[in-house]
Amino acid sequence: QESTNIIRDMINAKEISLPAKVNVFYTKGLLNNGSHFLNLLEFWFGNIQKVLFSKIEDFWDGSDHNIDFKVQFDNCIANFKSSSKNSRYPNSMEIFSNDGNLAYEDNGDKISWQNIQQSKGQHSDLNKYQLCVFDELSNFLNKRPYKLCSAEEALVTIRNSHKILLEAKK
């Protein structure tokens, strides 16, 4: 497929810098579709160095497994997530590098590249983050509608974050 070679050329030309991080969303089982993404990433990022299994979701079609797992390649770390064919981006992936982000959709029929250097002029409200928080606190104190989470919700998030950190350190 043409997109396969375009992405390989971008990596070779260092438009996509290494190491990269990748999120893969595949459907219909590891052997049926996930294996194609493994093969693509080997082609782009080198040999598999390590595989960490997360969980076996279920069987697909009674003979293949939907498995969530992480793979360390020579020049990339990839998270594989089994997904439904009805998900927003079935059989797709996102490649993240220091230079930008690449979206690979519809089995490579559609790819798009966002170069970080070209998008530096774009700004969002995140540049005024503290002001936004202050405005939301003011809304809360003045009994106006606000978008902040509750203290209970924040504590649940902190507890869950700590659980993830503890598990990662094991």
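This section describes the fold, backbone features, strand pairing and selected side-chain environments of a predicted model.

The protein chain contains 4 helices and 7 strands. Read from the N terminus, these elements follow the order α-β-α-β-β-β-β-β-β-α-α. The chain has 170 residues, of which 28% are buried. Among contacts in the protein chain with a separation of 6 or more, 56% are between residues 24 or more positions apart. The accessible surface of the chain amounts to about 12,000 Å². Carbon and sulfur atoms contribute 53% of that surface.

Several backbone features fall in loops. The loop between α1, residues 2-12, and β1, residues 20-26, contains Pro19. The peptide bond that leads from Leu18 into Pro19 is cis, and its omega lies near 0 degrees. Lys14 is also placed in the loop between α1 and β1. Although Lys14 is not a glycine, its phi is positive, at about 65 degrees. The relative accessible area of Lys14 is 66%, and Lys14 is classed as exposed because this value is over the 50% cut-off. A positive phi, of about 50 degrees, is likewise found at Asp106, which is not a glycine. Asp106 belongs to the loop between β6, residues 100-105, and β7, residues 110-115. With a relative accessible area of 46%, Asp106 is partly exposed.

The strands β5, β6 and β7 are linked by two pairings. Strand β5, residues 92-96, runs antiparallel to β6 and is joined to β6 by 4 bridges. Within this pairing, Ile95 has Leu102 of β6 as its bridge partner. The two strands β5 and β6 make a hairpin, with 3 residues between them. Strand β6 in turn pairs with β7, again in the antiparallel sense, through 6 bridges. Here Gly100 is matched with Asn115 of β7 as its bridge partner. The hairpin of β6 and β7 has 4 residues between the strands, and the positive phi of Asp106, near 50 degrees, occurs in this hairpin.

Ser97 is located in the loop between β5 and β6. Despite this loop position, Ser97 is buried, with a relative accessible area of 10%. Leaving aside residues up to four places away in sequence, Ser97 touches Ile16, Ser17, Trp113 and Ile116. The burial assignment follows from the cut-off, because a residue counts as buried when its relative accessible area is under 20%.

A search of the whole structure returns 1 salt bridge. The salt bridge is formed by Glu105 and Lys110, whose closest N and O atoms are 3.8 Å apart. The pair qualifies because this separation is within the 4 Å limit for a side-chain nitrogen of Lys or Arg and a carboxyl oxygen of Asp or Glu. The two partners fall into separate accessibility classes: Glu105 is buried at 14% relative accessibility, whereas Lys110, with a relative accessible area of 44%, is partly exposed.

Leu41 sits in helix α2, which spans residues 30-45. The relative accessible area of Leu41 is 0%, and the residue is buried. Outside the window of residues up to four places away in sequence, Leu41 touches Val22, Val24, Gly46, Phe73, Ala78, Phe80 and Met93. Leu41 and Thr4 are 37 residues apart along the chain, and their C-alpha atoms are separated by 9.9 Å.

On the surface, a nonpolar patch is formed by Ile48, Val51 and Phe53. Together these residues have about 280 Å² of accessible area. One of them, Phe53, lies in strand β2, residues 48-60. Phe53 is exposed, at 65% relative accessibility, whereas Leu41 of helix α2 is buried at 0%.

Methods: Residues numbered from 1 in each chain as written. Predicted model: local features only at pLDDT ≥ 70, side-chain atom pairs only at ≥ 80, totals over all residues. Heavy atoms only, no water. Buried < 20%, exposed > 50% of the residue type's maximum accessible area, 1.4 Å probe, protein only. Contact = heavy atoms within 4.5 Å. Areas by Shrake-Rupley, 256 points an atom, 1.4 Å probe, with all protein chains shown as cover. Pairing = 2+ DSSP bridges. Patch = residues over 30% accessible without salt bridge, like charges linked within 9 Å, V, L, I, M, F, W, Y side chains within 5 Å.
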